[in-house]
Amino acid sequence: MDAHTEQPWLHDPAYGGMSAAAAEASWRAAEARREADRAWEREHGPVHDRYPESVDGEPLYNAGVDEPAPCPSLNEWDAGDCSTLPPPREWLLGNQFCRRFLSGLLAPGATGKTALRTLQYLALATGRPLTGQHVFKRCRVLLLSLEDDDSELQRRLAAARIHHDIAPADLKGWLFCATPKGIKLAGLKDGARAAGPLEAMLRRTIRDRQIDLVGLDPFVKLHALEENDNGAMDFVCDLLVKLAIEFNIAVDVPHHTKKGLQIAGDADAGRGASAARDAGRLMYTLTRMADNEGETFGIPTEERRLYVRLDSSKVNIAPPSGEATWFKLIGVRLENGTPDYPQGDEVQTVIPWQPPKTWDGISGAQLNAVLDEIEAGLPNGQRYSDASKGAERAAWQVVQRHCHDRTEPQCREIVKTWVKNGVLLREDYADPITRKPLKGLRVCHGKRPS
């Protein structure tokens, strides 16, 4: 007996793609059913009588089927066979973009979302850390602007190129752009969700241009499905994740936030169904500087809208950053004037910005001078206080007398830290002015800064 007769399941195309054991089990189950059908036919007549098309008027799911279809394999693997470690994740830019993962940036309109992402894409295309974030590898980037036309996208790129000294030749073969309109990644076809023509276009371009990262801005323009439907958004994100995995690329989809107060790092800030948030592995928020932050950093009120903070909201494949990453929006003149428009355009780009650190640049001598004055107390015999309404006894004012460039919130933060660390101790004392027992600050000399 030849192998074809001994193991017919290995030569039956119906069981292709299955393991030998699974194919054998499926074939034997089908053979047992065929033998039962032959026995029925010998005793009762035509085998189709054994499979009526309906029972009491209700159609049967397997009516008229004489053998089951082969069951597809899960392609499961035995964890005990994994004796070596998998390769590391392939990060591209900081903790922002990674191959085989979906990333996103949640921000209200006019916050600088597109300006920031444009510079991050340029950082990858040039291999230069333009945003202050580490570039792991120079990458070919495909940027699709689904809101702007070619001219507007070129203006945005020009502003970033001019300010950051990027020549067009630096981008040749590394940054590819398109501004398709009305072409969707997903939509409805005959009432069912289906991939749209953009999906095939992306596949071809990713393959032909050997793309490493695809940026699709914004998410709401990417599809024609109901954005508040979790099933619909899961379908869209599944298409994006498949692209990321199949082509070993990073996929980035900036997204608008819902209306209302925006909180830095809020994972639920994105508009629409939560499935879009849940599918992303590298989600960040971009928010404007809050008034209390502006006061702490000493930024004038009218300038605070130019400062934005980037916070991780759902980075679940890397540790979230402990501090925000800050950027400043700046206007760049393109010098593209014409007789009709002699001033030309001014377009925004971003630059990295470091907020002033509370303790940076303060010497040990300054700090000890502050502590000396706090320990001595006021001339009238009162002691300084860390209370929020300390008035003349407020210890933060002592800090500011010796550290002139620090704001009130920063000076308060220094006093608060000293109290927390035990450099300053709260003690009861008899106040000579109020003639009442009050809390005052004394210095623990053993914890003074060196």
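Here are two short exercises with worked solutions on this predicted model.

**Exercise 1: a tryptophan pair**

Work out what geometry the rings of Trp-359 and Trp-418 adopt, and where the two residues sit.

Solution. Start with the whole structure: a search turns up 6 aromatic pairs. For Trp-359 and Trp-418, the ring centres are 6.0 Å apart and the planes meet at 70 degrees. Planes over 60 degrees apart count as edge-to-face, so that is what we call this pair.

Next, place the partners. Trp-359 lies in the loop between strand S16 (346-353) and helix H10 (364-376), while Trp-418 belongs to helix H12 (residues 408-421). The two are 59 residues apart, so the pair links distant parts of the chain.

Finally, check accessibility. Trp-359 is partly exposed, at a relative accessible area of 32%, whereas Trp-418 is buried at 5%.

**Exercise 2: the two sides of H10**

Find out how the buried residues of H10 are arranged around its axis, and what they pack against.

Solution. Get the helix's dimensions down: H10 has 13 residues and reaches 18 Å from first C-alpha to last, close to the 18 Å expected.

Now list who is buried: Leu-367, Asn-368, Val-370, Leu-371, Ile-374 and Glu-375. Looking down the axis, the buried residues of H10 fall within an arc of 155 degrees, so they line one face of the helix. The face turned away from that side carries exposed Ala-365 and Ala-376.

What do the buried residues touch? They pack against helix H11 (396-402), H12, strand S17 (424-430) and strand S18 (437-443).

Last, step off the end: Gly-377 follows H10, with a positive phi near 80 degrees.

Conventions
Residues numbered from 1 in each chain as written. Predicted model: local features only at pLDDT ≥ 70, side-chain atom pairs only at ≥ 80, totals over all residues. Heavy atoms only, no water. Phe/Tyr/Trp six-rings, centres within 6.5 Å; stacked < 30°, edge-to-face > 60°. Helix = DSSP H or I, 4+ residues; strand = E, 2+ residues; numbered from the N terminus. Buried < 20%, exposed > 50% of the residue type's maximum accessible area, 1.4 Å probe, protein only. Expected span 1.5 Å × (residues − 1). Arc of directions from axis to C-beta. Contact = heavy atoms within 4.5 Å.
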